Amino acid sequence: MPVVPGEIRIGDRAYLQAERIAKVMAQGGDVVVRASWKNARWLDANGRAFDLIGYLENCREEVCETPARLALKKGEPVKMRLIALRKSEAAAQEARRKINKEARAKGNKVQPQTLIAAGLVLLVTSLDREEFPADTVFKLYRMRWRIELAFKRLKSLIGLRSPPAKDPRIAKPWIFAHFLIALVTEPLSQELGVSPP
């Protein structure tokens, strides 16, 4: 999908791909991407190996931010901002519990670094720090989650799934009909406090 200059692309951990991020930025777009400690080759502002876990362990503030770079297979590393938001103690403990439970179910051992990173929400962004301070970047990321929840709700509310055909003459009316149903039923469901079947 072509990048529109000035657009901001927001993605979850699956989109922490340095080459794809570099392409978006080269076309004039910006990114806000949820980060994982181990799915990128992290460099510091000078291009040297960056000890992300050490940085997170020493982060004592609720929000920590530092310049970072994502190494590419070829070419100059991508200049980014790494922003870390500390989770509440309850949220961090719940995240660690889930990680340990999933690892036990698969017979795996959890790396200590994973448990450290589980206590924070990590984002990388190419957005300018002056125009988009850390709290604004987190608001943008939360907006993505709200949109995703809205689509999940649509799927359950009106059965929105893949169209029955790839032919646009069939797919478009099918999608429009489902959106029309959503527009009609959503206010009713909020008013009645129920989700129609």
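Which hand does the link of Cys59 and Cys64 have, right or left? The link is right-handed, with 90° about the S-S bond. That bond gets its own view below, after a look at the whole chain; keep in mind that this is a predicted model.

**Figure 1. The whole chain, with its six helices and six strands.** Let's start with the overall layout. Begin at the N terminus and you'll meet the elements in the order β-α-β-β-α-β-β-α-α-β-α-α. The C-alpha trace spans about 55 × 40 × 35 Å along its principal axes. Out of 197 residues, 35% count as buried. Take the contacts between residues at least 6 apart in sequence: 55% of them join residues at least 24 apart. About 13000 Å² of the chain is exposed, and carbon and sulfur atoms supply 57% of that area.

**Figure 2. The disulfide between Cys59 and Cys64.** Search the whole structure and you'll find one disulfide. Its two sulfur atoms, from Cys59 and Cys64, sit 1.9 Å from each other. Are these two cysteines buried or exposed? Cys59 has a relative accessibility of 3%, so it counts as buried. Cys64 is buried too, because its relative accessible area is 9%, and the cut-off for buried is under 20%.

**Figure 3. The largest nonpolar core, made of 25 residues.** The residues with the most contacts inside this core are Leu16, Ile21, Trp42, Leu52, Leu56, Leu70 and Val124. Helices α1 (18-26) and α2 (52-58) each supply at least two residues, and so do strands β2 (30-34), β4 (63-70), β5 (78-86) and β6 (120-125). The most comes from β5, which gives four residues.

**Figure 4. Ile21 and the residues it touches.** Zoom in on Ile21, leaving aside residues up to four places away in sequence, and you'll see it touching Tyr15, Leu16, Val31, Val33, Leu70, Val78 and Met80. Another core, of twelve residues, lies apart from the largest one. Among its members are Leu127, Phe132, Ala134 and Phe138.

**Figure 5. A nonpolar patch on the surface, about 550 Å² in area.** Which residues make this patch? They are Met143, Ile147, Phe151, Ile175, Phe176 and Phe179. Two elements give two or more residues to the patch: α5 (134-158) and α6 (168-192). Phe151 is found in helix α5. With a relative accessible area of 41%, Phe151 is partly exposed, because that value falls between the 20% limit for buried and the 50% limit for exposed.

Note on methods. Residues numbered from 1 in each chain as written. Predicted model: local features only at pLDDT ≥ 70, side-chain atom pairs only at ≥ 80, totals over all residues. Heavy atoms only, no water. Disulfide = S-S within 2.5 Å. Buried < 20%, exposed > 50% of the residue type's maximum accessible area, 1.4 Å probe, protein only. Patch = residues over 30% accessible without salt bridge, like charges linked within 9 Å, V, L, I, M, F, W, Y side chains within 5 Å. Areas by Shrake-Rupley, 256 points an atom, 1.4 Å probe, with all protein chains shown as cover. Salt bridge = Lys/Arg side-chain N within 4 Å of Asp/Glu carboxyl O. Contact = heavy atoms within 4.5 Å. Core = buried A, V, L, I, M, F, W, Y, C linked by side-chain atoms within 4.5 Å.
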